[in-house]
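User: I am a first-year student, and I would like a close look at a single part of this structure. Could you take one strand and walk me slowly through what surrounds it?

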Amino acid sequence: MTLLDWPIFGIHISCPICRRQSPALMLTEAYLCPSHGVFEADPVTGGLVHLDTERCWYLWQGNWYQQHRNPEGLKIEVYQALYHLHYQGFRAVKLTLARRYEALVQSHLEFQSDWWRQIYYAKPRLYGLPLEFSPAIDADSRWQVINFEFSTEFGPPAYAYPFCTRWDEGLGKST
């Protein structure tokens, strides 16, 4: 067996969903996670596609980053990262989002309605955080792969992130 007999990421990968070791399937461009099924590596784009859901990930410095096609998936990922920050003792003060998502989130931007808040905040907000988009992407840019990053400071959140509240309020209640 030579390395050419294995998919582009080698003999095994860490599953992008559960992080378990997932072996390559010989003579294919696929990996098999015992929990999540088959992932197919695309040698042209360098991506990894989950065959059941068609979700795509790219590898950057040893970590998999999912590429989102709808704002809800991105919202969930931002929420999980905020939750993780909170338990590390930090708060997010700004969200920098990859420029490739600008059109995707445009209808979800929060512009304050009254004139005082428009002047005070000056920048649009997304999911309750001041928003900036990443700089222009060049060929080697990490912004081709990563989705967002936070500017943080030590301490608890200064305000409750609006989407961290329970989404299903009212559901499951009998009347």
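Analyst: What follows is a walk along one strand, its partners and the core beside them. Please keep in mind throughout that the model is predicted.

The strand to look for is β8, which covers residues 90-97. It pairs with β11 in the antiparallel sense, over seven bridges, and it also pairs with β10, this time in the parallel sense and over three bridges. You can follow each pairing through one residue: R91 has E153 of β11 as its bridge partner, while L97 has F133 of β10 as its bridge partner.

R91 deserves a pause, since a charged side chain may not be what you look for in a buried place. R91 counts as buried because its relative accessibility is 19%, and the cut-off for buried is under 20%. The side chain of R91 also makes a polar contact, at 2.7 Å, with the side chain of E153, so that these two residues are linked through their side chains as well as being bridge partners.

Now turn to the nonpolar residues. In soluble globular proteins, nonpolar side chains tend to be buried together. Here the largest nonpolar core has 20 residues, and those with the most contacts inside it include L95, L97, L126 and F148. At least two residues of this core come from each of α1 (71-87), β8, β10 (129-133) and β11 (148-154), and α1 gives the largest share, with four residues. Another core, of eleven residues, lies apart from this one and has W6, Y31, F39 and L48 among its members.

To see how one member of the largest core is surrounded, select L126: when residues up to four places away in sequence are not counted, L126 touches L95, L97, V105 and L131, and in addition H108, L109 and E110.

Finally, look at the loop between β10 and β11, where N147 has its place. N147 counts as buried because its relative accessibility is 1%, which falls under the 20% cut-off. A polar atom of the N147 side chain lies 2.8 Å from the backbone oxygen of Q66. If its neighbours within four places in sequence are left aside, the residues in contact with N147 include Q66, Q67 and H68, then L74 and E77, and also T96 and L97. This brings us back to where we began, for L97 is the residue whose bridge partner in β10 is F133, and L97 is also one of the residues with the most contacts inside the largest core.

Terms used
Residues are numbered from 1 along each chain as its sequence is written. This is a predicted model: local features need pLDDT of at least 70, side-chain atom pairs count only at pLDDT 80 or more; totals for chains, interfaces and linings use all residues. Side-chain values use heavy atoms; hydrogens and water are left out. Buried means under 20% relative accessible area, exposed over 50%, partly exposed in between (1.4 Å probe, protein chains only). A polar contact is a pair of N or O atoms within 3.5 Å; within protein, one must be able to donate a hydrogen and the other to accept it, and residues adjacent in sequence count only if both atoms are side-chain atoms. A nonpolar core is a set of buried Ala, Val, Leu, Ile, Met, Phe, Trp, Tyr and Cys residues joined through side-chain atoms within 4.5 Å. Contact means heavy atoms within 4.5 Å. Two strands pair if DSSP finds at least two bridges between them.
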